[in-house]
Amino acid sequence: MKNIKEFLAAPAQSCKREGPHDRIVMSSRVRLARNLKDFPFPGWAKKADRVKALEAIRPAVESLPQMSGAFSESMDNLSAMDKQILVERHLISREHAAKGVGSGLVLNKEESLCVMINEEDHLRMQALRPGLQLRSAWLAIDQVDTILEKRLDYAFSNDLGYLTACPTNIGTGIRVSAMLHLPALVLSEQINQIIQAVNKLGLAVRGLYGEGTEALGNVFQVSNQMTLGEAETDIVERLNKVLTQLIEHEENARGSLLEKKPKMVFNHIGRAYGILANAHSISSKETMNLLSLMRLGIDLGMLPGVERSLVDELFILTQPAHLQQQLSEKLSAEERDLLRADMLRERLRNVSRPVTPPRSEGSKSDKSPAS
Amino acid sequence: MLCDICKQNVATVHLTQMVEGKTKKVDLCEACSKEKGVDDPTGFSLADLLLGLGAAQEMAQAAAGSDLKCPACGFTQADFKKTGRLGCADCYTTFGEGLEGLLKSMHKGTKHVGKVPQPLQQHKDYQEKLNRLQKQLEKAIGDEDFEQAALLRDEIKQTREKFDNLTTG
């Protein structure tokens, strides 16, 4: 069996995967939570029971036709570094990265299907897609689930649906989510209003790494909260609708910023480029926030010839574990900041500085605010 | 009156909103109201706040009470209070009553809608069909329509056999 570092596609490749609306929607994900009837939930189970559950589930998952050529490993055989890399790629949760004996991971070749065994629930299976493709992700994971339900004895009640360790996931056990890049809504200070409006619809908005994390790099995760009393397809469609509107809001915000405050936008993007291309020490947080502005610059045509995938690749490569991975000795945070800056300067060496897009007729500069 | 969120400062912001036909009230201190965006009336919804607050209260309620213990896995209500998670599938039966309010506060409904595992779906369909036929049979006998009753009796027999073959075969 290959180790995980050899198994995963290089970020340069994985970032080239394209999907609809990927200018704003970075990825789509549908996750199902399932449990076995005759075993205590992983958080309460003794080690022996967890191991038994893993032994029952793992072969069933490995033998799925969708999992031919998959990577399958128990969590205690993965190093802390391996796990952190998987978190940075958004393939496993932080919670799962903390697991050891009795937990496992099965990941398909395309990295589009990932099953966590004994996370909070016995099974957390997810389908991932680039861009806005919730329906396709749902169909893929539904198929996997339909095969697994014949091989495994699920905990299910007619009234409460699929039984989960946490009452927040009961019913369908579904979590439909998308990662959105919303720099213009942040720059125009509309984001809090938007978040509250989305919350009002019973949807959660979270940061880059899910629950309780910061929205680094202007990346937000939107997902359903309620899982009981609404069918899977209705949840998928509802989220689809909201995301379509969020895309529109972000596009509008970009348009109106360019029209009303072009200098502010150019200033942010120009400075972001300047720092990323010239710094000698830079933290991961600052890097993400500046890369987000560069990504916006690419979308606005200010960095002709630069692919969006370059920024997305750097987004991953500058994360702590990915940076550390390239070296044998353990680095301190300060040393990582130096290394990160070196890499960014090198990778951006051939990227020319941002150009100011040709002004559309009739638009005014910031100095004459009359409009 | 203390703030509903921090339970430390004096509440100075008082909100009332109709949520699904019920009047809901929240009392907040200055700091918590700012944090929750209450000072921005365009984006604020009491519903979110109540959902969060309500869930916390229900959670405490579900966890309080008697010393229930799940016979299947030994999980207790105190454990639920501590972790917010349950011990096993049977816990939903053991703690069913206490959980109802909690589920109502955090979900759209309290009855599952959506996918059902296929083996169970078949069983459910079978049960429903059998119940329907039984009722029709009783009615036919009551009406002294014995021709119809005979037909129904045969259909019930067939349905049973078909299901037995399905589950054993």
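**Contacts between the chains and between the domains of chain A**

In this predicted model, chain B and chain A bury about 3,300 Å² between them, with carbon and sulfur atoms giving 60% of that area. On the side of chain B, the residues that lose the most area to chain A are B:Tyr92, B:His112 and B:Lys115, which together account for 22% of what that side buries. The contact brings together 39 residues of chain B and 42 residues of chain A.

Five salt bridges are found across the interface of chain B and chain A, and A:Glu120 forms a salt bridge with B:Arg85, in which the closest N and O atoms are 3.0 Å apart. Between the two chains there are also 17 residue pairs in polar contact. Helix H3 (77-83), helix H5 (96-106) and helix H6 (118-142) of chain B each contribute at least two residues to the side that touches chain A, and by class this side comprises 17 nonpolar, 13 polar and nine charged residues.

Within chain A, domain 1 (7-254) and domain 2 (261-347) are distinguished, and their C-alpha centres lie 27 Å apart. Their contact takes 23 residues from domain 1 and 24 residues from domain 2. The two domains of chain A bury about 2,200 Å² between them, 65% of it on carbon and sulfur atoms, and in domain 1 the residues A:Cys15, A:Glu88 and A:Leu187 lose the most area to domain 2, together 26% of what that side buries.

Two salt bridges are counted between the domains of chain A; the side chains of A:Asp22 and A:Arg308 meet in a salt bridge with an N to O distance of 3.2 Å.

Technical notes. Residues numbered from 1 in each chain as written. Chains lettered and ligands numbered in written order. Predicted model: local features only at pLDDT ≥ 70, side-chain atom pairs only at ≥ 80, totals over all residues. Heavy atoms only, no water. Contact = heavy atoms within 4.5 Å. Buried area = accessible area lost by both parts, 1.4 Å probe. Salt bridge = Lys/Arg side-chain N within 4 Å of Asp/Glu carboxyl O. Polar contact = N/O pair within 3.5 Å; in protein donor to acceptor, adjacent residues only side chain to side chain. Helix = DSSP H or I, 4+ residues; strand = E, 2+ residues; numbered from the N terminus. Nonpolar A, V, L, I, M, F, W, Y, C, P; charged D, E, K, R; others polar. Domains from an automatic or database assignment.
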